Structure formats: structure tokens, C-alpha cells
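Subject: Structure for you to look at

Hello,

Here is the structure I promised to pass on. Please open it beside this email and follow along.

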Amino acid sequence: MEPRPLKKPEWLKIRMASGASFAATRQLLNRHSLHTVCRSALCPNLQECWSRGTATFLLLGNSCTRSCRFCAVDKNSRPHVPDPDEPENIAAAVQSMLLKHTVLTSVTRDDLVDGGSGHWVETIRATRALVPGVTIECLIPDFNNEEASLDLVMREMPDVLNHNIETVPSLYGKVRPEANYRNSLRIIERAKKTHGLVTKSGIMVGMGETPEEIASAIDDLHRHGCDMITIGQYLQPSADHLPVVRYVTPEEFTAYRVLAETAGFRNVQSGPFVRSSYHAEALSTGHSSFQ
Ligand code: SF4
């Protein structure tokens, strides 16, 4: 039997910040029939980000072929054939939202021969064609560690190549059973060494890892060429997902930030509500770190 959920501490009370532009963002996304990881993954920052007129687009549908136990994205439905209009629709949304920096991500599509990498390329190209000058951050899946698929996307030279390690190696079996910590590090290394990209990764805390394991993961990422890092509190999306083992205090997040900055990361976000795409534009342009 799973233990009773922990009571949320004060610092994790959701900040309801929806303004007039929240509804406008929602309407626009609905009009273009787009999925976002904000909604599909039940992100706690949805009110804030959509009110700021930003969102993270979820490519290739909203059904995932992996069974990660932290993630709220649907894993039970059969994935659809990729929507051929999605690249143009995302580009149109980026244009309408007047975004200067956009974050693209996708579900994992192990059912597709190329893992969906061709669709990623079409989306990047369509967005750049319609919105010249926009910077694009690609938060990619591991593409089953297929180098051809990884290279296809990396050769598009996204402004930021983001791939999350998510957790420490000892928890992979229960958190990301079909993924591999070393392979995720190698994706970051490939983006940096082979393609010369600006790289970013993220870790969730509060899943049962030790502070020493987090310190070691921070060090691993830095040694593999990671430039930017996000560290945030894991929140259990439903009773069917992994329980939170511990709520990490704001002081501990500050300590992780200092650790990562000392290790040499160019930009660090570390705080309870930090997510991989939280304030991504500010992080990519080097404006401060958030707590
Ligand atoms: S943090 Fe990222 S996923 Fe969450 S609401 Fe903001 S843009 Fe969406």
C-alpha cells in the first residue's frame, strides 16, 4: 500500500496569477488545436506562464509510449499518426503570441521509425520561416538513443538543446524505467561536443534521492558539457503516480543553486516551482537565476 500523501508546506501553495492574457493564451492554443506540456503534464505554473502569454508546445500528440511514473502525460491511449498540420500550426501560434523565445517538446514516440525526429525538424523550420529571429529551445526525448534521430534535430541548430536527466541514477528503475541515465548524459555531451549547441538539463528532487546524489548528478551534467540547469520539486500529479518522498526546503534549493553555480553552470534555476521550461526565455538570455 502506498503511504499517505505528505501535507504540502506553505511555500508550495499554488500562486493563482491568472490575468486577462490567460484566457487569450488558452483560446489561441485551442484555436490551433495544439497540445502543451503545461496542460498535459498538469504543470503547477500554468496560471502564471499562460498569463504571461507563454507556453511550451507539445509535439506529436499527447499520448506517450513510455511509462515514466512521475509524468502526468497520458500513457494509456494509442498514439495518433502525427498531425501533418502541427508544424505550421505551432509556427502560427508562436507568431500570434509574439514570442521571442519558444520551447518545443514532445512525447516519446518509440512507435515511429524516426522517433518523430522528422516532425521536430519540420516544426523548427516552419517556426523559423514564419517568425524570423525567434529563438527555439528544443526539450527533446531520448529518441531511443538513435544517433541518426538525435543528429537530425541537433543539425537544425536549436538555440538551446534541452534534455532532462530528471533524477539520479539510483532512482531510474522506478522513475524512468525505459530510460538510461548514462545515455541521457551522452545526449547532452553529443549536443555540446559534436554540434556545439548551448545545452540545458533538469532534475526533480523530493523523490527519495540524497543531497550527495544530487551533487553528483550536477557534477555529471557539468562534466558532460551542460551549460544550464533547472532543479525543481517533484509534485505527484495523481494517486497513480510516484508519491513525494520529501518536500525540499527553499534553503536547500538555494544550496543546490550555489553548488551548480560553483560547479560552473552558466545559468541555474533552483526552486520549488522550477520546471524545465519555467522562465526559459530569461534563462536562455542569461538574465539571472530564479528561486
Ligand atoms: S513552466 Fe513550462 S510547462 Fe509549466 S506552465 Fe510554464 S511553460 Fe508550461
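Below is what I found, starting with the sheet and ending with the ligand.

One caution: this is a predicted model.

**The sheet**

Start with the strands. Eight of them form an open sheet, in the order β1-β2-β3-β4-β5-β6-β7-β8. The pairing is mixed. The edges are β1 (35-36) and β8 (267-271), and each of these pairs on one side only.

Now walk across from β1. β1 and β2 run antiparallel and share two bridges. There, His35 stands opposite Leu58 in β2. The next pair, β2 and β3, is parallel and joined by four bridges. Look for Thr56, which stands opposite Val103 in β3. β3 then pairs with β4 (residues 135-139), again in the parallel sense, over five bridges. Within that pairing, Thr102 has Ile136 of β4 as its bridge partner.

Further along, β5 and β6 are parallel, with two bridges between them. Asn162 faces Lys200 of β6 as its opposite number. β6 and β7 are parallel too, over six bridges. Lys200 turns up here as well, opposite Met228 in β7.

**Two covered strands**

Which residues of β2 are buried on its two sides? Thr56 and Leu58 are buried on one side, and Phe57 and Leu59 on the other. Both faces of β2 are therefore covered.

β6 (residues 199-205) gives a similar picture: seven of its seven residues are buried. Thr199, Ser201, Ile203 and Val205 lie on one side. Lys200, Gly202 and Met204 lie on the other. The general rule is that side chains in a regular strand alternate between the two faces of the sheet.

**The helices**

Take α4 first, residues 86-96. Its buried residues are Glu86, Pro87, Ile90, Ala91, Ala93 and Val94. Seen down the axis of α4, they fall within an arc of 160°, so they line one face of the helix. In general, an α-helix has 3.6 residues a turn, so residues three or four places apart point the same way. The buried residues of α4 pack against α1 (20-31), β2 (56-59), β3 (101-106) and α5 (117-130). After α4 comes Leu98, with a positive phi near 55°.

α6 covers residues 147-154. Ser149, Leu150, Val153 and Met154 are buried in α6. Down the axis of α6, these buried residues fall within an arc of 130°, so they too line one face of their helix. They pack against α5, β4, β5 (160-162) and α8 (181-194).

α10 (residues 250-263) lies across β7 (228-233) and β8. It runs at about 165° to β8.

**Two loop residues**

Phe265 sits in the loop between α10 and β8. Is Phe265 buried or exposed? It is buried, because 20 other C-beta atoms lie within 10 Å, and 20 or more is the cut-off. Leaving aside neighbours within four places in sequence, Phe265 is in contact with His222, Asp227, Met228, Ile229 and Ala260. Leu99 is 166 residues away from Phe265 along the chain, and their C-alpha atoms are 26 Å apart.

Pro82 is in the loop between β2 and α4. It has 18 other C-beta atoms within 10 Å, so it counts as partly exposed. Not counting residues up to four places away in sequence, Pro82 touches Leu60, Gly116 and His119. Pro82 and Leu59 are 23 residues apart along the chain, with 8.4 Å between their C-alpha atoms.

**The ligand**

Last, the ligand. Which residues are around the ligand? They are Val37, Cys38, Cys43, Asn45, Leu46, Cys49, Thr54, Ala55, Thr56, Arg275, Ser277 and Tyr278. Two elements, α2 (37-40) and α3 (46-51), give two or more residues each to this shell. By type, the shell divides into seven nonpolar, four polar and one charged. Thr56 is worth a second look: it is among the residues around the ligand, it is buried in β2, and it stands opposite Val103 in β3.

Best wishes

Terms used. Residues are numbered from 1 along each chain as its sequence is written. This is a predicted model: local features need pLDDT of at least 70, side-chain atom pairs count only at pLDDT 80 or more; totals for chains, interfaces and linings use all residues. A residue is buried if 20 or more other C-beta atoms lie within 10 Å of its own, exposed if 12 or fewer, and partly exposed in between; C-beta atoms are placed from the backbone. The arc is that of the directions from the helix axis to the C-beta atoms. Two residues are in contact if their C-beta atoms, placed from the backbone, lie within 7 Å. A residue is near a molecule or strand if its C-beta atom, placed from the backbone, lies within 6 Å of it. Ala, Val, Leu, Ile, Met, Phe, Trp, Tyr, Cys and Pro count as nonpolar, Asp, Glu, Lys and Arg as charged, and the others, Gly among them, as polar. Two strands pair if DSSP finds at least two bridges between them. Axes are lines fitted to C-alpha atoms, for helices over the stretch in contact, and angles run from 0 to 180 degrees between N-to-C directions.
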